Amino acid sequence: MDMLINIIGMAGAGGLLSAYFLLSSGKLDNRFPTYHVLNFFSSLSLDIQAVYEGILPFVVINTSWCFISVYALIRIYRNRNAGV
């Protein structure tokens, strides 16, 4: 089980770093869902490991990133439907 949790956590770390690199290099745009979906699932993966390991500060930060990503996705879809 420890190995699986570590793999999930490493995938999350890789996903967050990839999302940030792609955003910084101009390959992703934060006005589109792809960046936020990648952030959400990466943070969720890191959250799983943090909960398993009992590391409360990382649970707080990664749960916050999940909520921020969901908020951004909701705004994107609302703006699309409003024609903005």
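This passage looks at how helices α2 and α3 pack in a predicted model, and at two residues of α2.

A pair of packed helices is conveniently described by the angle between the two axes and by the distance between them. Here, helix α2 spans residues 33-53 and helix α3 spans residues 56-82, and their axes come within 8 Å of each other. The axes cross at roughly 160°. Because angles over 145 degrees count as roughly antiparallel, α2 and α3 are described as roughly antiparallel to each other. The crossing of α2 past α3 is left-handed. As for the residues that make up this contact, 16 are nonpolar, 6 are polar and 2 are charged.

Within helix α2, S42 is a good residue to look at in the structure above. S42 has a relative accessibility of 4%, and since buried means under 20%, S42 counts as buried. The side chain of S42 has a polar atom placed 2.8 Å from the backbone oxygen of L38. Leaving aside residues up to four places away in sequence, S42 touches G12, G15 and L16.

L44 also merits a look, and its place is likewise in helix α2. With a relative accessible area of 34%, L44 is partly exposed, whereas S42 is buried. L44 and V59 are 15 residues apart along the chain, and a distance of 9.4 Å separates their C-alpha atoms. V59 falls within the span of helix α3, residues 56-82, so readers following the α2 and α3 pair, which is roughly antiparallel, may find these two C-alpha atoms a handy pair to locate.

Methods:
Residues are numbered from 1 along each chain as its sequence is written. This is a predicted model: local features need pLDDT of at least 70, side-chain atom pairs count only at pLDDT 80 or more; totals for chains, interfaces and linings use all residues. Side-chain values use heavy atoms; hydrogens and water are left out. Axes are lines fitted to C-alpha atoms, for helices over the stretch in contact, and angles run from 0 to 180 degrees between N-to-C directions. Helices (H or I, at least four residues) and strands (E, at least two) are DSSP runs, numbered from the N terminus. Angles under 35 degrees count as roughly parallel, over 145 as roughly antiparallel, 65 to 115 as roughly perpendicular and the rest as oblique. A crossing is left-handed if the near helix is turned anticlockwise from the far one by less than a right angle, and right-handed if clockwise. Ala, Val, Leu, Ile, Met, Phe, Trp, Tyr, Cys and Pro count as nonpolar, Asp, Glu, Lys and Arg as charged, and the others, Gly among them, as polar. Buried means under 20% relative accessible area, exposed over 50%, partly exposed in between (1.4 Å probe, protein chains only). A polar contact is a pair of N or O atoms within 3.5 Å; within protein, one must be able to donate a hydrogen and the other to accept it, and residues adjacent in sequence count only if both atoms are side-chain atoms. Contact means heavy atoms within 4.5 Å.
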